[in-house]
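Hi everyone, thanks for making time for this. I'd like to walk you through one structure, so let's put it on the screen.

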Amino acid sequence: MAHTPDTLDLRELALKSGGSVERVFSLGIAPVMLGGLSFDVVIKGDGVHVLVRRIGGGYLLDISLRATVYGPCYRCLEEAVLEVQASQEEYVPQRVEEWQEAEVSAFIDDFVVDVAALAREALVLALPLKLLCDESCRGLCPGCGNPTASPECACDVVEPDPRWSPLAGLDLGDAENGETSGPPFDARST
Ligand SMILES: [Zn+2]
Ligand SMILES: [Zn+2]
């Protein structure tokens, strides 16, 4: 793996057992796709933090970042903005022959950590399945195609009150059967 500014070679840190060091990487994350939509990522603060701890048998990595994610709302397609705090731990065993492929990140190759790829993975895992402009977003208006109840939507959107729905099936007709007839008597008989 090439040594670019976005990678970290754990051996070059020359950490003694129990020692730790933190490195900060100023890097960009390409837009991420979520449900077929593209979202821009802006990393906040000074960059992606990587804390490396030398522990028995290997290294423990802690990758963390804060980012703002911009993209279309899942329901109305207006811009949605989300603040994300992402972090991920990775273990890198010292003895290569004891490595289990499944336990070691694909982004760590021979003690060289692809920080950009790990940061991207951590961010994607921290994102919700759907990004909304607001939890209460009502989506697009079926009448005009604008976001429902937005200034552009002048439609009179009246949702039926669900409490009245049982009455819809009631026949409140003219009650010609039954209860109108009182006890039979002839007023003239008294
Ligand atoms: Zn929305
Ligand atoms: Zn409308």
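I'll talk about a small set of strands and then about two backbone angles.

Before we start, please keep in mind that this is a predicted model.

Let's begin with the sheet. It is open, it has 3 strands, and their order is β1-β9-β8, with antiparallel pairing. At the edges you'll find β1, residues 7–9, and β8, residues 108–109; each has a single partner strand, so one side of each is left without a neighbour in the sheet. Now follow β8 across to β9, which covers residues 112–114: these two pair in the antiparallel sense over 2 bridges. If you want a residue to look for, Asp-109 stands opposite Val-112 in β9. Helix α1, residues 115–126, packs on this sheet and touches β1, β8 and β9. The direction of α1 makes about 45° with that of β9.

On to the backbone. As you all know, most residues other than glycine have a negative phi. So which residue sits in the loop between β8 and β9? That's Asp-110, and its phi is near 55°, a positive value in a residue other than glycine. Asp-110 counts as partly exposed, because its relative accessibility is 41%.

Leu-77 is another one to look at: it is not a glycine, yet it has a positive phi of about 70°. Where is Leu-77 found? Look at the loop between β6, residues 58–72, and β7, residues 79–93. And is Leu-77 buried or exposed? It is exposed, with a relative accessible area of 52%, where the cut-off for exposed is over 50%.

That's my tour, and I'm happy to take questions.

Notes
Residues are numbered from 1 along each chain as its sequence is written. Chains are lettered from A and ligands numbered from 1 in the order in which they are written. This is a predicted model: local features need pLDDT of at least 70, side-chain atom pairs count only at pLDDT 80 or more; totals for chains, interfaces and linings use all residues. Side-chain values use heavy atoms; hydrogens and water are left out. Two strands pair if DSSP finds at least two bridges between them. Helices (H or I, at least four residues) and strands (E, at least two) are DSSP runs, numbered from the N terminus. Contact means heavy atoms within 4.5 Å. Axes are lines fitted to C-alpha atoms, for helices over the stretch in contact, and angles run from 0 to 180 degrees between N-to-C directions. Buried means under 20% relative accessible area, exposed over 50%, partly exposed in between (1.4 Å probe, protein chains only).
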